[in-house]
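This briefing sets out the main structural features of the chain shown below. Its topics are the cavity and pocket, the sheet and its helices, and selected side-chain contacts.

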Amino acid sequence: MKTLPKLDQRLAAIASLVRDGACCADIGTDHGYLIAWLAAAGRIRFGYACDIHEKPLKKAAFTLSACGVADKVKLLRCDGLSGLRRGEVDDIVIAGMGGELIWDIIDAAEWTRDQNLHFLLQPMTKPERLRQSLYRGGFLISREHAVISGDFPYTVIEACYTGTPREIDTLFAYTGVLLHQNSEDAKAYLAKTARSIREKVDGLSKAAGNSEELVQYRLLLERLEGELHNDCAGCI
């Protein structure tokens with residue numbers, strides 16, 4: 001029996017969304033816990049653990065060996081998706097990076113424009129930039145899943161390519177499809193988003209008076225707080 005590494009709630013949420021039997025690439029694999037778990041649990045038929053640095057790949061190699069799945073996952077030292085080619089993977093996980101970097105990785109590989117690919121993205125910062133870039137690049141967010149891990153709320157984005165570029169509303173860029181979800185994790189994520197925007201408003205108020213940027217953030221905060229208030233009122 002293969003040994004499964006212990007995943008935190010963030011990685012466990014991502015793992016649960018990988019399609020059964022997929023060939024999966026874990027970009028920025030770090031210790032390789034996620035891809036090792038997927039292989040050891042029999043969830044994927046093959047995997048790629050990718051990282052730009054040698055040290056994480058050595059850690060991932062140890063994890064894969066300890067879990068008895070070194071033959072089920074190939075280690076690739078590469079920048080983003082550059083070590084992979086069209087048709088080699090079905091599901092692509094890019095987690096634990098900034099939203100802008102996640103998009104840069106997707107955008108740099110021409111073969112990601114494929115409607116059969118399934119993207120699982122977990123931005124640590126700038127999720128609004130990631131959502132905007134995905135839609136402008138012809139991708140669609142099919143689902144989002146809020147998860148609290150280590151007392152911090154995250155979102156896991158499921159995305160696919162449609163070939164139809166779109167501009168999205170600013171509120172959607174900041175909240176995605178989590179806005180009207182009733183889970184406690186989604187509420188915590190949205191509350192964190194509102195606090196972040198409020199801090200931006202406060203900072204701009206002190207630095208720039210009534211600049212256009214300040215006005216835009218104030219309107220965004222009003223809209224978000226209004227939506228959150230309406231959702232809370234509807235629960236009474």
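**Internal space, sheet and salt bridges**

The lining of the largest cavity draws at least two residues from each of β5, β7 and α7. The model is a predicted one. Its strands include seven that form an open sheet with mixed pairing, and its side chains form 14 salt bridges.

**Cavity**

- One cavity of 30 Å³ or more is present in the structure, and the volume of the largest cavity is about 50 Å³.
- Its lining consists of P123, M124, P127, F152, P153, Y154, T155, Y189 and K192.
- Strand β7 gives the most to this lining, namely four residues.

**Largest pocket**

- The largest pocket has a volume of about 620 Å³.
- It is lined by 21 residues, of which E128, Y174, S196, I197 and Y217 are the closest to the pocket centre.
- At least two lining residues come from each of β5, α5 (127–136), α6, α7 (184–208) and α8.
- Helix α7 gives the most to the pocket lining, with six residues.

**The sheet**

- The strand order across the open sheet is β3-β2-β1-β4-β5-β7-β6.
- Strands β3 (73–77) and β6 (139–149) form the edges, each pairing on one side only.
- On average, and with direction ignored, neighbouring strands of the sheet are turned by 20° against each other.
- Strands β6 and β7 (residues 152–161) run antiparallel and are joined by 10 bridges; among the paired residues, H145 has V156 in β7 as its bridge partner.

**Helices packed on the sheet**

- Helix α2 (residues 33–40) packs on the sheet and touches β1 (22–27), β2 (44–51), β3 and β4 (91–98). The direction of α2 makes about 170° with that of β2.
- Helix α4 (residues 99–108) also packs on the sheet, where it touches β1, β4, β5 (118–125) and β6. The direction of α4 makes about 145° with that of β4.

**Burial of helix α2**

- Helix α2 is largely enclosed by the rest of the structure, because six of its eight residues are buried.
- The buried residues are L34, I35, A36, L38, A39 and A40.
- These buried residues pack against α1 (9–17), β1, β2, α3, β3 and β4.
- Just after α2, G42 adopts a positive phi of about 75°.

**Salt bridges between distant parts of the chain**

- Among the 14 salt bridges is one between the side chains of R77 and E54, with an N to O distance of 3.5 Å. This pair links strand β3, which holds R77, to helix α3 (residues 54–66), which holds E54, across 23 residues of the chain.
- R77 counts as exposed because its relative accessibility is 55%, over the 50% cut-off. E54, at 36% relative accessibility, counts as partly exposed.
- E158 and R143 form another salt bridge through their side chains, at 2.8 Å from N to O. E158 lies in strand β7 and R143 in strand β6, 15 residues apart.
- With a relative accessibility of 3%, under the 20% cut-off, E158 therefore counts as buried. Its partner R143 is partly exposed, with a relative accessible area of 45%.
- The side chains of R223 and D169 also meet in a salt bridge, at 3.1 Å from N to O. R223 belongs to helix α8 (residues 212–234), whereas D169 is in the loop between β7 and α6 (170–175), and the two are 54 residues apart.
- R223 counts as partly exposed at 40% relative accessibility, and D169 counts as partly exposed at 38%.

Notes
Residues are numbered from 1 along each chain as its sequence is written. This is a predicted model: local features need pLDDT of at least 70, side-chain atom pairs count only at pLDDT 80 or more; totals for chains, interfaces and linings use all residues. Side-chain values use heavy atoms; hydrogens and water are left out. Two strands pair if DSSP finds at least two bridges between them. Axes are lines fitted to C-alpha atoms, for helices over the stretch in contact, and angles run from 0 to 180 degrees between N-to-C directions. Contact means heavy atoms within 4.5 Å. A salt bridge is a side-chain nitrogen of Lys or Arg within 4 Å of a carboxyl oxygen of Asp or Glu. Buried means under 20% relative accessible area, exposed over 50%, partly exposed in between (1.4 Å probe, protein chains only). On a 1 Å grid over the protein atoms alone, a cavity is a set of points where a 1.4 Å probe fits but cannot get out, and a pocket is an open set with protein on both sides within 12 Å along at least five of seven lines; lining residues have an atom within 4 Å of a point. Grid points are joined across faces, edges and corners, and a volume is the space filled by probe spheres set on the points.
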